[in-house]
Amino acid sequence: MSDNSRLRIAIQKSGRLSDDSIALLKAIGIKLNIRDRLLIAHSTNENIDLLRVRDDDIPGLVMDGVVDMGFIGENELEEKMLERQAAGKAADFEVLRRLDYGGCRLSLAVPTEMDYNGAASLGGKKVATTYPYLLERYFKEQGINAKAVMLTGSVEVAPRAGVADAICDLVSTGATLEANGLQEEEVIFRSKAVLIQRADGELSAEKQALINRLVPRIDGVIQAKE
Ligand code: PRT
Ligand code: ZN
């Protein structure tokens, strides 16, 4: 374990949120010494360590108090919160800021040849997704009796592979759906990257003071780009 007096921030090691999150930390004046293969990166000018992990692990690391803060997509955060609530685990955290990157939507898409007349058309069908809790919540809200089939990758090929009738996946440009003969039909969740921290009162006064000093700088960087 690294020095517990240093603020620990979880960040996606390599993926769509990595570069923008690191750029934001640098823009607010945090100097970082990142070595590609290493899990931990230390700041050379602030009491901060970065923990570089898969994005899937970040909500749990914050909610379990293993790290103090994290950069994460709202889609992943909400899914993990629902999953932990269903398992009776603590799911407390605070959103410090919604950020200006990582924008995408979680959408239902069906094969272009399918006869689709609203979400009720999915009744009795199987829908492949990496976000079963968000999808089941949507089905419940809409009163649709469909089944979410969990796939951690290649969701867009599930209908062609005969594994599911439709999919529920993240979309940004829509090119992936189109390339796979799928039509986007319903947006069930809109997401951006967010900066979260452990629940109120669980941080030392020193760490909370450091966070309180950093957040206005983030606002400044975001405003300067607008
Ligand atoms: O390895 P690790 O588990 O850390 O990474 P990951 O593969 O789970 O995540 P990653 O890096 O793909 O995405 C991280 C986060 O970026 C997601 O949780 C979202 O919050 C956000 N994000 C923003 C996206 C997209 N845009 C996006 N387009 N995540 C995934 N996609 C996928 C999309 O599903 C499609 O397959 O990218 C592909 C291209 O999308 P189109 O619509 O432009 O074709
Ligand atoms: Zn992931």
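**A walk through a predicted two-domain chain**

With 13 C-beta neighbours inside 10 Å, S154 counts as partly exposed, because a residue is called exposed at 12 or fewer such neighbours and buried at 20 or more. This serine is a good place to start, and please keep in mind throughout that the model is predicted. S154 sits in the loop that runs between β9 (147-150) and β10. Its phi is near 50°, a positive value in a residue that is not glycine. In that loop between β9 and β10 you will also find G153. G153 is exposed, with 7 other C-beta atoms within 10 Å. If you look from G153 to D169, you step across 16 residues in sequence, while the two C-alpha atoms are 10.0 Å apart in space.

Now let us zoom out to the whole protein chain. Six helices and 12 strands make up its list of elements. The C-alpha trace spans about 60 × 35 × 35 Å along its principal axes. The chain has 226 residues, of which 33% count as buried. How do the contacts spread along the sequence? Taking contacts between residues at least 6 apart in sequence, 67% join residues at least 24 apart.

The chain is divided into two domains: domain 1 (7-102 + 192-225) and domain 2 (104-190). Their C-alpha centres lie 29 Å apart. Where the two domains touch, seven residues come from domain 1 and eight residues from domain 2. The side of domain 1 that touches domain 2 divides into two nonpolar, two polar and three charged residues.

Both domains also take part in the surroundings of ligand 1, with at least three residues drawn from each of domain 1 and domain 2. Altogether, 21 residues surround this ligand, and the closest are G15, G73, C104, T173 and T176. Three elements give two or more residues to the shell, namely α3 (74-86), β10 (166-171) and α5 (175-179). Which element gives the most? That is β10, with three residues. As for chemical character, the shell around ligand 1 has five nonpolar, 10 polar and six charged residues.

Helix α3 is worth following a little further, to its meeting with helix α4 (residues 132-142). The axes of α3 and α4 come within 8 Å and cross at roughly 80°. That angle is why α3 counts as roughly perpendicular to α4, since angles from 65 to 115 degrees are put in that class. On the α3 side, the contact is made by E78, E79, L82, E83 and A86, and on the α4 side by Y133, L134 and R137. By class, this contact of α3 with α4 has four nonpolar, no polar and four charged residues.

From α5, you can walk on into the loop that leads to β11 (182-191), where N180 has its place. Is N180 exposed, partly exposed or buried? With 19 other C-beta atoms within 10 Å, N180 is partly exposed, because a residue needs 20 or more to count as buried. Not counting residues up to four places away in sequence, N180 touches E156 and V157. Its C-alpha atom is separated by 29 Å from that of D100, and these two residues are 80 residues apart along the chain.

Finally, let us go back towards the start of the chain. S14 is placed in the loop between β1 (7-12) and α1. Having 11 C-beta neighbours inside 10 Å, S14 counts as exposed. The C-alpha atoms of S14 and L214 are separated by 24 Å, with their positions 200 residues apart along the chain. Helix α1 (residues 18-27) itself holds I22. I22 counts as partly exposed, with 19 C-beta neighbours inside 10 Å. Which residues does I22 meet, once its neighbours within four places in sequence are left aside? I22 is in contact with I11 and L32. You can also find L50 from here: its C-alpha atom and that of I22 are separated by 9.8 Å, and the two residues are 28 residues apart along the chain.

Notes. Residues are numbered from 1 along each chain as its sequence is written. Chains are lettered from A and ligands numbered from 1 in the order in which they are written. This is a predicted model: local features need pLDDT of at least 70, side-chain atom pairs count only at pLDDT 80 or more; totals for chains, interfaces and linings use all residues. A residue is near a molecule or strand if its C-beta atom, placed from the backbone, lies within 6 Å of it. Helices (H or I, at least four residues) and strands (E, at least two) are DSSP runs, numbered from the N terminus. Ala, Val, Leu, Ile, Met, Phe, Trp, Tyr, Cys and Pro count as nonpolar, Asp, Glu, Lys and Arg as charged, and the others, Gly among them, as polar. Domain bounds come from an automatic or database domain assignment. Axes are lines fitted to C-alpha atoms, for helices over the stretch in contact, and angles run from 0 to 180 degrees between N-to-C directions. Angles under 35 degrees count as roughly parallel, over 145 as roughly antiparallel, 65 to 115 as roughly perpendicular and the rest as oblique.
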